[in-house]
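I sat down with this one to look up a few things and jot them in order. Here are my notes, for anyone who likes to check along.

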Amino acid sequence: MFSLKQPKPTFKSYLLPQADDNIVSEPRIKKLEPVLLPGEIVVNEVNFVRKCIATDTSQYDLWGKLVCTNFKISFITDDLMPLQKFHYKNLLLGEHDVPLTCIEQIVTVNDTKRKQKVLGPNQKLKFNPTELIIYCKDFRIVRFRFDEAGPESAKKVCLAIAHYSQPTDLQLLFAFEYVGEIYHNPAKKVNGIDPGGGGGGSGSASGQQTPLFETYSDWDREIKRTGASEWRVCSVNEGYMISTCLPEYFVVPSSLADQDLKLYSYSFIGRRMPLWSWNHPNGSALVRMANIKDVLQQRRIDQRICNAITRSHPLRSDVYKSDLDKCLPNIQEIQAAHNKLKQLCVNEPFDETEEKWLSSLENTRWLEYVRAFLKHSAELVYMMECKHVSVVLQEEEGRDLSCLAASLIQVMLDPYFRTIVGFQSLIQKEWVMAGYQFLDRCNHLKRSDKESPLFLMFLDCVWQLLEQYPAAFEFSEVYLTILYDSARISLFGTFLFNCPHQRVKESTEFAISKNIQLGDEKGLRFPCVWDWSLQFTSRDRLLFHNPLYIGKSTPSVHNGAHRTFKRSKKNYSSTLRGMPPALKNGIISEQEFLPRRNSLILKLKPDFLQAAEGQSHSMEQYFRDWFAKPVDLHGVILPHLSGTQIKLWKLCYFRWVPEAQINHGGSITAFHRVSLLADEVDMLNRSLRQYKSNSSLQGHCSELDQSRMYFRANGLNDTSGAPDFLSSSFPFSPVGNLCRRSILGTPLSKFLSGAKIWLSTETLANED
């Protein structure tokens with residue numbers, strides 16, 4: 001057999017020998033490369049990395065390359081994920097990717113030297129890491145091993161992840177690089193979407209755009225939608241001339257002149273003048289207001305504002321003021337409760353806490369605070385709905401607790417905000433444009449003293465209402481969970497800034513530094529989170545829809561004509577009949593007022609509960625009457641607040657915990673079956689159309705032929721079982737996300753218990 005090396009010709013052989021056809025060349029190693037977005041660059045990488053999949057064995061581990069970019073950490077492998085039967089694909093992120101802004105803490109470990117270190121930005125690492133543990137803000141824990149990787153390469157990629165996940169300046173977040181690249185190269189748009197393209201791709205069946213409330217016309221349409229005829233859109237803050245933490249346009253009483261507003265603004269904290277949020281059909285208004293800092297002028301200005309609100313009411317009703325700082329837990333208490341919840345859901349092993357798990361959950365006070373927000377919001381609903389008075393939500397700065405309370409009140413009162421587009425417009429109006437500090441509260445820049453999960457608390461409260469009244473909401477809990485996840489992706493301008501002015505100021509400075517011509521635009525336009533087509537395919541977005549939702553009217557076919565079937569109150573079923581009085585009246589039952597350990601009921605009792613006995617009796621009677629009647633899904637909904645009715649949002653908090661996963665179980669099984677039934681109903685409608693169609697229905701054919709459901713029936717009377725990949729964590733998969741037993745002995749516990757640094761001083765002292 002000849003060698004593969006070709007010999008030189010000699011006098012014995014003047015012909016070059018041919019290589020043996022049977023010799024097989026070595027296989028070429030496939031080059032693993034990350035998928036990058038516009039503006040995304042690789043800053044460091046390391047090969048031969050092992051991603052740990054199971055907690056008790058290494059046989060399922062994956063081999064590949066660990067890459068750090070200026071947007072995410074990405075693990076790239078050719079190996080198939082073991083034990084995983086389903087993967088819900090995000091178009092922006094790979095199966096093993098973690099956005100940098102989702103990283104909570106980074107811990108490096110050296111097994112041989114028994115050292116571990118929490119990595120901060122610009123820190124040195126004096127040992128070669130054999131293991132990297134990533135703790136994520138969504139309760140994920142991801143672990144990588146460097147046993148076969150180059151030690152220096154492993155150290156460099158760990159330092160790069162620590163540096164880029166903890167930026168020191170807002171303009172270092174990836175969204176700026178992405179938008180800058182798009183402005184210079186428009187052809188690089190992801191999925192054909194323009195940055196800041198509005199509210200398209202919401203997944204709404206109606207195809208409506210989500211109003212962003214950045215323009216005068218959006219606010220004017222909301223005034224007309226709610227019938228607030230005595231209120232007007234004010235442009236006194238145009239160009240942010242009055243307050244940098246208010247939107248350019250907002251709604252005020254018609255009786256207040258612009259000159260008065262300019263004058264009064266100096267007396268409010270942050271110059272945050274009263275903001276109109278919503279109008280009840282009876283004329284009552286919901287208003288948000290910061291505290292008045294000018295003590296000498298406080299009484300006069302307060303009276304002037306209240307008089308203007310009173311004159312805007314058709315009945316000239318009084319104004320009720322709710323001091324949220326006195327009625328509700330503060331942001332520090334909510335953050336402490338969230339830390340304890342994280343410790344319980346992530347760090348505590350099941351075998352040690354199983355017997356006392358429920359009491360441990362109660363001691364976190366998270367559900368207690370959820371109950372407090374729902375309770376107080378329901379009582380303010382009573383003031384507007386029954387007493388016909390306008391409500392003013394007063395808070396020190398008017399941009400934290402009032403965001404949550406105002407949003408909950410509107411969800412309970414207005415069915416429009418229980419649709420997908422309506423809910424998105426509510427978040428735009430009451431959170432984004434009203435100046436909720438997403439940058440600080442989500443801790444994108446790792447300034448932990450300002451962090452507080454108020455937005456998550458709001459989504460949890462909405463989930464409680466969705467769980468109690470599933471047919472009243474167009475969206476599903478999957479939608480709420482993904483919305484929370486999207487706040488941790490540093491691409492969307494929606495959840496990136498503390499206020500609209502900050503977006504304009506920072507993006508304008510960035511545009512000047514990058515020589516980007518803005519023209520007439522007020523700052524750069526960032527991608528909007530409501531453009532869901534950026535993240536998910538049209539089919540995957542069908543999971544946002546709640547198959548139990550009952551719209552205001554349902555199309556039907558009768559004698560070939562397209563008609564509308566309107567549901568009467570008799571069509572609504574009540575699950576309250578035959579229930580004990582304490583459960584029927586979860587808001588005002590006597591049991592709710594009994595002092596309990598760690599209870600907020602007495603500490604946070606609103607002022608109007610301590611008012612005259614007659615008014616208290618009137619409120620109790622209102623709630624008693626409401627819960628005794630069938631629920632009008634398109635009217636007011638009120639929460640049940642008894643101990644058994646407020647639950648832990650398992651999909652959000654337990655989806656990454658393998659031990660908590662229930663195969664073929666959980667709420668998804670009901671979701672699957674109801675989806676099949678709804679799809680069968682749609683199939684029957686299509687069959688009716690085929691037999692009784694006429695020219696007036698031709699325009700509806702394409703719409704009716706498309707299924708609205710993610711899970712689709714194979715035919716009428718489909719008796720097929722649930723897919724094998726369904727579990728209680730669907731559509732998420734906990735495979736490869738370690739928890740509990742795998743992290744015992746790591747510094748996570750100390751951090752979650754309140755320490756600002758996860759490692760003890762002894763560990764840090766032994767670093768050398």
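**Entry 1: a cysteine to begin with.** I looked up C68 and found it buried, with a relative accessible area of 0%; buried means under 20% relative accessible area, exposed over 50%, and partly exposed in between, using a 1.4 Å probe and protein chains only. C68 is in no disulfide, and the nearest cysteine sulfur, that of C158, is 9.9 Å away. For a disulfide I need a pair of cysteine sulfur atoms within 2.5 Å, so C68 and C158, with 9.9 Å to the nearest cysteine sulfur, do not form one. C158 is buried too, with a relative accessible area of 0%. The whole structure holds 0 disulfides.

**Entry 2: ground rules.** A note to self: this is a predicted model, where local features need pLDDT of at least 70 and side-chain atom pairs count only at pLDDT 80 or more, while totals for chains, interfaces and linings use all residues. Residues are numbered from 1 along each chain as its sequence is written, and side-chain values use heavy atoms, with hydrogens and water left out.

**Entry 3: the overall count.** I find 24 helices and 16 strands in the protein; these are DSSP runs numbered from the N terminus, helices being H or I of at least four residues and strands E of at least two. Of the 768 residues, 57% count as buried. Next I looked at contacts, meaning heavy atoms within 4.5 Å. Among contacts between residues at least 6 apart in sequence, 73% join residues at least 24 apart.

**Entry 4: the open sheet.** In what order do the 8 strands of the open sheet run? I read β4-β3-β2-β1-β8-β7-β5-β6, with antiparallel pairing. β4 (98-99) and β6 stand at the edges with a single partner strand each, so one side of each is left without a neighbour in the sheet. For my pairing test, two strands pair if DSSP finds at least two bridges between them. Strands of a sheet pair through backbone hydrogen bonds, either parallel or antiparallel.

C68 turns up again here: its bridge partner in β3 is I73. Strand β2 (residues 62-69) and strand β3 (residues 72-76) run antiparallel and are joined by 4 bridges.

**Entry 5: strand β5.** How many residues of β5 (residues 103-110) are buried? I get 8 of its 8. β5 pairs with strand β7 (residues 131-136) in the antiparallel sense over 6 bridges, and I103 stands opposite C136 in β7. β5 also runs antiparallel to strand β6 (residues 115-118), with 4 bridges joining them; there V107 stands opposite V118. The hairpin of β5 and β6 has 4 residues between the strands, and R114 in this hairpin takes a positive phi near 55 degrees.

**Entry 6: a parallel pair.** Strand β13 (residues 319-323) and strand β14 (residues 390-395) run parallel, joined by 5 bridges. I checked the side chains of β13 and they alternate: Y320 and S322 point to one face and are buried, whereas V319, K321 and D323 point to the other and are not. S322 stands opposite L393 in β14.

**Entry 7: two loop residues.** I found Q171 in the loop between α1 (151-164) and α2 (174-184). Is Q171 buried or exposed? It is buried, at a relative accessible area of 17%. The side chain of Q171 makes a polar contact with the side chain of E506 at 3.0 Å. (A polar contact is a pair of N or O atoms within 3.5 Å; within protein, one must be able to donate a hydrogen and the other to accept it, and residues adjacent in sequence count only if both atoms are side-chain atoms.) Beyond four places in sequence, Q171 is in contact with F176, E506, E509 and F510.

Y416 lies in the loop between α11 (401-413) and α12 (420-432). Y416 and E474 are 58 residues apart in sequence and 9.7 Å apart in space, C-alpha to C-alpha.

**Entry 8: confidence.** The protein averages a pLDDT of 82, and 77% of the residues score at least 70; pLDDT is the predictor's confidence in each residue, from 0 to 100. Over residues 739-768 the pLDDT is below 50, and this stretch has 76 contacts in the model beyond near neighbours in sequence. Where pLDDT is low, the predicted coordinates should not be read in detail.
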